[in-house]
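Visitor: I would like a close look at a single part of this structure, a place where two helices pack against each other. Please describe the contact itself, and then place it in the chain as a whole.

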Amino acid sequence: MLLLERDTFLSELRHWFDVAASGNGHLVLVAGEAGVGKTALVTAFGRMVEQEASRFYGACDPLSTPRPLGPLLDIAAQSGEGLRHILEQDDGHQHALPAFHAFLARRAKPALVVIEDAHWADEATLDLIRFIGRRVATTRALILVTYRDDEIGPRHPLRVVLGDLATSPTVRRMHLPPLSESAVRTLAAGTDFDPVELHRQTGGNPFFVTEVLAAGGQGIPLTVRDAVLARAARLPSAVRAVLDAAAVIGAYAETDLLSQVVGAEVGAVEDAVAGGMLLPKDNGYAFRHELARQTILDALSPTRRVTLHRAVLQALRAVGTGPDDLARLAHHAEEAGDREAVLAYAPAAARRASSLGARREAAAQYERALRFAEDLDPLERVVLLEGFALEAYHTDQMDRAIAARKEAVAIWRAAGNPRKVGENLCQLTRVLTMAGRNAEAIQTVSEAISVLESIPPSPELAFAYQQYAHFHMLDRDTDTAVTWGKKALELAERLHAEPIVIAAYNTIGSALLVGGDMSGTGPLERSLQLALQAGQENHAAIAYTNLGSGLGEMHQFAEATRWLEEGIAFTTERDLDAQRWYMCAWLALVRLYQGEWDAAVDSAIDVTRRPGISAISRIMALVALGRLRARRGDPDAWVALDEALAMARVTATLQRLAPVHAARAEAAWLAGDTDRTLHEACAAYDPALRHRHIWFTGELAYWQWRAGARVTVPPWAGEPYRLQIEGDWAAAAERWREMNCPYEMARALADSDDEAALRQALDVFGDLGAAPMVANLSRRLRAVGARGIPRGPRPSTRQHPAGLTHREAEVLDLMTQGLSNSEIASRLYLSPKTVEHHVSSILTKLNVSSRHEAIRVAERLRGGPRAGVGPGQPV
């Protein structure tokens, strides 16, 4: 197993071995908690000196009746006849200690003696350690004695021995600490584990860390469970009762609370500390490792668990609680099966979490309450449904939010409350839109307007107008969106409905911006300012989103990046996942245009990996991924682009269909399929033209032109596309350069007949790794007699020591992490067939015949095995 953060200790042992070898023997007490790596350390050191020393190993065992002098018996079995003969005599133990000293003293070769687990030592072995510790200086031996310092309380017999040896000049102490977060991060590299959370759960204990990693996240590994339960089983029943109570209380058990729960057994708390299971912490106690707490908790019988949760709930009420204890009370109430307490505490805990921006926790608390609300009065249950639906929307759980809103609509309709029906229909519209179910959304908001217009004007009606405007903004119907947005704004201002005022400014600004009117940033920034002032975090998140994505759609990439990065930071801090991941998808697109291809693909894949991600976020991430792969010449571009088209068709909006069809047109053209290029370019062109969308119209016209069609591009269409269609490649290239779009600039230069311009384009394509354009342009240059055109792989491929492409290097890296072809395909969003091709190419280029050999070569190239992969672990 790979040793991390132990070099200093190995160097220190090396020093004391050299001192001992010179004739001044030493004994080193190696302390540390169970699983910290004491055995791994002394074993590694033994290998370091195996050519220089005679090595002897003995161990103490956790037996109910230990073997007298068990470690010495082990050593005698390795040493030949001398020691074994003495120990076999009836009075052998009387002579064993001086015989062992004499055995070491007369050896010509230095000796390394290891006595493991002295915390389990019998009295005779403790006498041996005391005896030899005082006399080791007259030998050429280094004696290493390991023990668990977390298992020896103040009354443990080993404590007396340690005290007796404290003043010996040839006895040294060494304490092994747990691993740091940095070391855990190294071990977890290449896995899906969060290293910070893994470090918290394991306390940095190497045994726990490696076992959890090896188990792959499938619960607490059996090895860890068995080790913890075996340790607890050796403790008195009163101590085990304390551990049970502390495990149920949670990660931290206050002294007063623990005392209330365990009652007469409170005296055993200190024994739990002495036994190494609990640690004093502030004014209470905590388990040394969270995994140990979980193991103790999981081992409780259902009856025992319920009884303890009831006791904790009662005790919490007795000691007094505040608003920050609501989540805790709700948890114990549910575990105790106390319905009344759950319905009292869970909704209050949800409201508290929401007020603090903890949206996921808020959703979970509402969900907890709903589990106990089946037979609740409908007008009480609907409050829980509305709360859950809002938090589910914020945390990107759209399907669940839709179900909750629909149930709420049905309850209010049955209750004859049109205002609440309309409000929930408006909220449902918003969620349906995020889920990409636009046809259903327009029907829902139209119904909301009909219901709300049948009663006196209300903020809910203004909300309905704003949602109707928002829907038309999504379809890039600017005039309709602005008209209804102003209608919503006027009514909201008249009724002093500030949240709707904020939303209306947002919709109006967004509609203007994506319609090509850059003044739209004014209302959007006004919306953001008002939202921040009013503490309306969701509206602020939407403003950030529409500023970033709108400016990105208008090819204002520098400004888009600023708003997207600010918005992602804002939403990350507040668990506003729906907006966060949509902005991440758009940031991937912006980075693609800016030539930051590796960052773009990382961002896009990060979004697509998220389970339950909203449809609109996934569509835009797939567009970025598909477009980038097409530009790199990856056949799996169509895997992403086919899924994107299927999802975009469900939305039936220009906002989704245009970028998808444009990306597909480009992929077809790069593959040399002009018929398909023309088909894709025409698919969304008419609505783009009808809505006068500058960039959608320009690009779709460009791809029709590339496919050989005669197209008259309108004068207002995207300038660089229009210039290129008109034959002014130089002006188009300059415009793309000003926008910092290197690929598009090089593509414009490639239309030139000037060799210098073509060579410049070739260099840009080569630096980006745009294989199809490199190949196309190289052929053209060679055909006209240009010299010095490279025929080999592009620079990124040449830079790899084995000549692997960027994608092959990614696949090989995942192979070294033990991933199968199907797992690699899922991780990189490729088809399994493509991964097979990459693996075959890797084996050929590395000149090996198996994955195992390829991994060995990769480790050699990297300078050693991947952190966390060692003997006995899968590769």
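Guide: What follows describes one helix pair, then the strands, then the chain. The model is predicted.

The part chosen is the packing of helix H17, residues 326-335, with helix H19, residues 359-371. Two packed helices are described by the angle between their axes and the distance between the axes. For H17 and H19 the angle is about 35° and the axes lie 11 Å apart. The crossing of H17 past H19 is left-handed. On the H17 side, the contact is made by Ala327, Ala330, His331 and Glu334. H19 contributes Gln365, Arg368 and Arg371. Sorted by class, the residues in this contact are two nonpolar, two polar and three charged. Ala327 and Ala330 are the nonpolar pair, since Ala counts as nonpolar. Glu334, Arg368 and Arg371 make up the charged group, as Glu and Arg count as charged. That leaves His331 and Gln365 as the polar residues, neither type being listed as nonpolar or charged.

The helix pair belongs to a chain with 47 helices and eight strands. Among the strands, E2 covers residues 54-59 and E3 covers residues 111-116; the two pair in the parallel sense over six bridges. Within this pairing, Ser54 has Ala111 of E3 as its bridge partner. Ser54 also belongs to the covered face of E2, together with Phe56 and Gly58. The uncovered face of E2 carries Arg55, Tyr57 and Ala59.

Elsewhere, three strands form an open sheet in the order E6-E8-E7, with antiparallel pairing. Its edge strands are E6, residues 253-254, and E7, residues 278-281, each of which pairs on one side only. E7 is joined to E8, residues 284-287, by four bridges in the antiparallel sense. In this pairing Lys281 stands opposite Gly284 of E8.

As for the whole chain, its C-alpha atoms fill a box of roughly 110 × 80 × 40 Å along the principal axes. Of its 875 residues, 56% are buried. The chain exposes about 36000 Å², and 51% of that area is supplied by carbon and sulfur atoms. Among contacts between residues at least 6 apart in sequence, 64% join residues at least 24 apart.

Definitions and conventions:
Residues are numbered from 1 along each chain as its sequence is written. This is a predicted model: local features need pLDDT of at least 70, side-chain atom pairs count only at pLDDT 80 or more; totals for chains, interfaces and linings use all residues. Side-chain values use heavy atoms; hydrogens and water are left out. Axes are lines fitted to C-alpha atoms, for helices over the stretch in contact, and angles run from 0 to 180 degrees between N-to-C directions. A crossing is left-handed if the near helix is turned anticlockwise from the far one by less than a right angle, and right-handed if clockwise. Contact means heavy atoms within 4.5 Å. Buried means under 20% relative accessible area, exposed over 50%, partly exposed in between (1.4 Å probe, protein chains only). Two strands pair if DSSP finds at least two bridges between them. Accessible areas come from the Shrake-Rupley method with a 1.4 Å probe; for residues, only the protein chains shown count as cover.
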